[in-house]
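Let's take a friendly walk through this model together. Have the viewer open and follow along.

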Amino acid sequence: MAYWLFKSEPDTFGIDDLKSRGAKGEHWDGVRNYQARNMLRDEVKKGDLLFFYHSNCEVPGIVGIAEVIKSAFPDPTQFNPESKYYDPKATPENPRWFCPQVKFQSKFKSTISLEQLKQIPALQDMALVRKGNRLSIMPVSADQWQFILGLAQ
DNA sequence: GCCAACGTTGGC
DNA sequence: GCCAACGTTGGC
C-alpha cells in the first residue's frame, strides 16, 4: 500500500466532481508527463490512497483523500482525435498513456494550503514544495502522509 | 546528440 | 495575466 498526491485543477475536475461519481469513481485521465506516467503505470496500485490537490486556483492545496480502485489501464483519451489529450503516436496495441480509476474517500473541512505545507520542515523533501515543481503525480511517504493527516480537521 | 525555440504548468 | 521553471520538439 502506497501513498500519492494527485494534482487537478478544480475548474476542470475538483474533489466535488470526484465525490459526485460515488463508488464507481472516475478514471484519472490526461496525464501527459513521462515521469508521472511511469508512476501511474508501474507503481500506483489498487488500494493505494492519494491526497487530492487543487492547483491553479485561489488557494492551492490538499483538499481531501481518494482511493485507487483499479490500477492503470490505457488512457482512452489518447485514442480520441476529438480529445485535447489525443496522441497520434499512441495505438491500442502500443498505448503510451495510462490512467487509474479512483474514488472519493473524504474531503477536509478546510484546505491544507501549499503556503502552509511549505512552512513545515518535515515536508521539505516533498517534490510539491520545491520550486518549479510541475509533477502532477508524486509519491508521499508514510511519515509525510501521517503528518499531513494530522493537519486536517 | 546538441540545443534553440516553443509549449505547458502553476504559483503569484 | 505574468513569468519562472521545466519538458518537448525538431533542425542540424
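We begin with the two DNA strands, then turn to a pocket and a helix.

This is a predicted model, in which local features need pLDDT of at least 70 and side-chain atom pairs count only at pLDDT 80 or more, while totals for chains, interfaces and linings use all residues. Residues are numbered from 1 along each chain as its sequence is written, chains are lettered from A and ligands numbered from 1 in the order in which they are written, and side-chain values use heavy atoms, with hydrogens and water left out.

Start with DNA strand B. The residues around it are K7, Y53, S55, N56, P60, L114, K118, N133, R134 and L135, where a residue is near a strand if one of its heavy atoms lies within 4 Å of it. They divide into four nonpolar, three polar and three charged; here Ala, Val, Leu, Ile, Met, Phe, Trp, Tyr, Cys and Pro count as nonpolar, Asp, Glu, Lys and Arg as charged, and the others, Gly among them, as polar. Among the strand B atoms within 4 Å of the protein, 70% are sugar or phosphate atoms and the rest belong to bases.

Now look at the polar contacts (pairs of N or O atoms within 3.5 Å). The side chain of K118 places an N or O atom 2.9 Å from a phosphate oxygen of strand B. Backbone atoms take part too: a backbone N or O atom of R134 lies 3.0 Å from a phosphate oxygen, and a polar backbone atom of N56 is 3.1 Å from one.

R134 also appears around DNA strand C, together with Y34, K131 and G132. For this strand, 53% of the atoms within 4 Å of the protein belong to sugar or phosphate. An N or O atom in the K131 side chain is 3.0 Å from a phosphate oxygen of strand C.

Where is the largest pocket? Its space is about 610 Å³, and of its 21 lining residues, K7, S8, D29, G30 and Y85 are the closest to its centre. K7 thus links this part of the tour to strand B, which it helps to surround.

Finally, which residues of helix α5 (residues 142–151) are buried? They are Q144, W145 and I148, buried meaning under 20% relative accessible area and exposed over 50%, with partly exposed in between (1.4 Å probe, protein chains only). Seen down the axis of α5, these residues fall within an arc of 100 degrees, so they line one face of the helix. The face turned away from them carries the exposed D143 and G150.

Technical notes:
A polar contact is a pair of N or O atoms within 3.5 Å; within protein, one must be able to donate a hydrogen and the other to accept it, and residues adjacent in sequence count only if both atoms are side-chain atoms. On a 1 Å grid over the protein atoms alone, a cavity is a set of points where a 1.4 Å probe fits but cannot get out, and a pocket is an open set with protein on both sides within 12 Å along at least five of seven lines; lining residues have an atom within 4 Å of a point. Grid points are joined across faces, edges and corners, and a volume is the space filled by probe spheres set on the points. Helices (H or I, at least four residues) and strands (E, at least two) are DSSP runs, numbered from the N terminus. The arc is that of the directions from the helix axis to the C-beta atoms.
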